[in-house]
Amino acid sequence: HPCRPSALASLRVALDNGDHCVYENVQAPDRYTLLADVERVESEQQMLERLRETRGIGPTLVVAGPGELDLDLSRPAAADRIELDTYRPTETRLRVSTGTNALVFVREAWAPGWEARIDGKPARIHQAGGLFYAVPVPAGQHELELRYSSPGLMLGAVLSGLGLLFVLALLAHEHRSGNPAPADPDGKGRA
């Protein structure tokens, strides 16, 4: 079965393997952009209220405390650019080149666990646009690295490892003390 053209002008067939069709939204905004029109809000709740009031029309809302986004954001110049170097679901590297301080807007779901580094140094991440996040980048050429690691993953791994060690220690103690695990009482084994 061939793919049918979409009734929406913004969708085109990107892949047709005979069984499945994949459509591409050719009008989708870039995943990484430089922002100039920004409004600072102090909490996620305030951002959600402003989004309801404005219906998402207007400046991009960025959660930041007082003084955290004191950037002189001017419109990105034609020479300002973001180039994707590496993309994986939990790690992205971008090359950012701007003539002024900039705010890189990332259309990737914001969640605790995202970390940013600019030229290898930790950088602040701000929740932005309701679902996404943004990273302030100083003027110049920089490498921006974005990484996600699940909060609590390391703690969970350590606790699991400790639990395994505890069970192994109990088994070793039982074996050394001559109290083996209970045997099958009727000697028939398991069916």
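Let's start at Phe166, a residue that sits in helix H2, which covers residues 153-176. Keep in mind as you look around that this is a predicted model. Is Phe166 buried or exposed? With a relative accessible area of 53%, Phe166 is exposed, because exposed means over 50%. Phe166 also has company on the surface: a nonpolar patch there is formed by Leu155, Val158, Leu159, Leu162, Leu164, Leu165, Phe166, Val167, Leu168, Leu170 and Leu171. Together these residues have about 1100 Å² of accessible area.

Now step back and take in the whole chain. How many helices and strands does the chain have? There are two helices and 13 strands. Of the 191 residues in the chain, 25% are buried. The chain exposes about 13000 Å², and carbon and sulfur atoms supply 55% of that area. Contacts also link distant parts of the sequence: among those between residues at least 6 apart, 56% join residues at least 24 apart.

Next, let's go inside. The largest nonpolar core has 16 residues, and Val104, Val135, Leu144 and Leu146 are the ones with the most contacts inside it. Which elements give two or more residues to this core? They are strand S3 (32-35), S7, strand S8 (102-106), strand S9 (114-118), strand S12 (132-137) and strand S13 (140-148). Try finding Val104 in the structure and looking at what surrounds it. Leaving aside neighbours within four places in sequence, Val104 is in contact with Thr33, Leu34, Ile82, Leu94, Val96, Tyr133, Ala134, Val135, Val137 and Leu144. There is also a second, separate core of six residues, and among them are Leu35, Leu103, Ala128 and Ala134.

Strand S7, one of the contributors to the largest core, is a good place to pause. This strand spans residues 91-98, and Thr98 belongs to it. Thr98 counts as buried because its relative accessibility is 7%, and buried means under 20%. What does the side chain of Thr98 reach? It reaches the backbone oxygen of Thr100, at 2.6 Å. Not counting residues up to four places away in sequence, Thr98 touches Leu34, Asp80, Pro138, Ala139 and Gly140. Leu34 may look familiar, as it is also among the contacts of Val104.

Let's turn to charged residues. Side chains of opposite charge can pair when their charged atoms come close. How many salt bridges does a search of the whole structure find? The search finds twelve. One of the pairs is Arg31 with Glu108, whose side chains meet at 2.9 Å, N to O. Arg31 lies in the loop between strand S2 (21-25) and S3, while Glu108 lies in the loop between S8 and S9, so this salt bridge ties together parts that are 77 residues apart in sequence. The two partners can be described by their accessibility as well: Arg31 is partly exposed at 37%, whereas Glu108 is buried with a relative accessible area of 13%.

Another salt bridge joins Arg50 and Glu53, with 3.0 Å from N to O. Where do these two residues lie? Both are in helix H1 (residues 44-54), three residues apart, which is about one turn of the helix. Arg50 counts as partly exposed at 23% relative accessibility, while Glu53 is exposed at 56%. Arg50 has other neighbours too: not counting residues up to four places away in sequence, it touches Glu39, Val41 and Leu61. Leu61 is eleven residues from Arg50 along the chain, and the C-alpha atoms of the two are separated by 8.1 Å.

Our last stop brings us back to strand S7, which covers residues 91-98. Glu91 forms a salt bridge with Arg88, and their closest N and O atoms are 3.2 Å apart. Glu91 is buried, with a relative accessible area of 13%, while Arg88 is partly exposed at 44%. Which residues are linked with this pair in a network of salt bridges? The network links Arg88 and Glu91 with Arg93, Glu143, Glu145 and Arg147.

Definitions and conventions
Residues numbered from 1 in each chain as written. Predicted model: local features only at pLDDT ≥ 70, side-chain atom pairs only at ≥ 80, totals over all residues. Heavy atoms only, no water. Helix = DSSP H or I, 4+ residues; strand = E, 2+ residues; numbered from the N terminus. Buried < 20%, exposed > 50% of the residue type's maximum accessible area, 1.4 Å probe, protein only. Polar contact = N/O pair within 3.5 Å; in protein donor to acceptor, adjacent residues only side chain to side chain. Contact = heavy atoms within 4.5 Å. Core = buried A, V, L, I, M, F, W, Y, C linked by side-chain atoms within 4.5 Å. Patch = residues over 30% accessible without salt bridge, like charges linked within 9 Å, V, L, I, M, F, W, Y side chains within 5 Å. Areas by Shrake-Rupley, 256 points an atom, 1.4 Å probe, with all protein chains shown as cover. Salt bridge = Lys/Arg side-chain N within 4 Å of Asp/Glu carboxyl O.
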